[in-house]
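This report looks at how aromatic side chains and one helix contribute to the interior of a single chain. The sequence and the structure come first, and the description follows.

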Amino acid sequence: MITPKKPTEMVLNHGESDPYMQLLNDYRLDDGNMGWMENAKCKGRTDITFFPEPGESHLMVIAKKFCNDCPVRERCLRWAVTNQIPYGVWGGQSANERKKLLPNYIKGDIINL
């Protein structure tokens, strides 16, 4: 599996798409229907850090809380687990939390939030 660069490592020109869309475009990560991203609460938001660096756990807490009432939270989480995204907050969970879900997901168990 190709490990994509963290969106914070990508150089985005002013006016370019947000890091999520850049990630998708650069690495062709897809689940057959990406329309759910249009309804994501975080779409276009730059005031929340979804990719905190080590030692920035307070930013991770903020991002995870932000995801709580997102209409596509479960879909986002499934996408991140399916693509084994190794960093950031997706679906309200950190990479370490998602890693714990992976064995059950591989066995076909439903991911419960």
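In this predicted model, the cover over the buried residues of helix H2 includes helix H3. The buried residues of H2 are Ala63, Phe66 and Cys67; seen down the helix axis, these residues fall within an arc of 100 degrees, so they line one face of H2. Ser57 and Lys65, on the other side of H2, are exposed. One of the buried residues of this helix, Phe66, also has a charged neighbour, since Lys41 lies over the face of the Phe66 ring at 4.3 Å from the ring centre.

The aromatic residues give a second view of the interior. A search of the whole structure finds five aromatic pairs, and two of them are set out below.

| Aromatic pair | Centre to centre | Angle between the planes | Arrangement |
|---|---|---|---|
| Trp36 and Trp79 | 6.4 Å | 55 degrees | tilted |
| Phe51 and Trp90 | 6.1 Å | 70 degrees | edge-to-face |

The pair of Trp36 and Trp79 links distant parts of the chain, with Trp36 in the loop between helix H1 (19-27) and helix H2 (57-67), Trp79 in helix H3 (residues 73-82), and the two positions 43 residues apart. Are these two tryptophans buried or exposed? Trp36 has a relative accessible area of 9% and is therefore buried, while Trp79, at 1% relative accessibility, likewise counts as buried; the cut-off that applies to both is under 20% relative accessible area.

The pair of Phe51 and Trp90 also links distant parts of the chain: Phe51 is in the loop between H1 and H2, whereas Trp90 is in the loop between H3 and helix H4 (95-106), and the two are 39 residues apart. Both Phe51 and Trp90 are buried.

These residues belong together in a wider grouping, for Trp36, Phe51, Trp79, Tyr87 and Trp90 form one aromatic cluster. Which residues have the most contacts inside the largest nonpolar core? That core has 20 residues, and those with the most contacts inside it are Trp36, Phe50, Trp79, Ile85 and Trp90. The elements that give two or more residues to this core are H2 and H3.

Taken together, Trp36, Trp79 and Trp90 are named both in the aromatic cluster and among the residues with the most contacts inside the largest nonpolar core. Helix H3, for its part, holds Trp79, belongs to the cover over the buried residues of H2, and gives two or more residues to the core, as H2 does.

Notes. Residues numbered from 1 in each chain as written. Predicted model: local features only at pLDDT ≥ 70, side-chain atom pairs only at ≥ 80, totals over all residues. Heavy atoms only, no water. Phe/Tyr/Trp six-rings, centres within 6.5 Å; stacked < 30°, edge-to-face > 60°. Helix = DSSP H or I, 4+ residues; strand = E, 2+ residues; numbered from the N terminus. Buried < 20%, exposed > 50% of the residue type's maximum accessible area, 1.4 Å probe, protein only. Lys NZ or Arg CZ within 6 Å of the ring centre and 35° of its normal. Arc of directions from axis to C-beta. Contact = heavy atoms within 4.5 Å. Core = buried A, V, L, I, M, F, W, Y, C linked by side-chain atoms within 4.5 Å.
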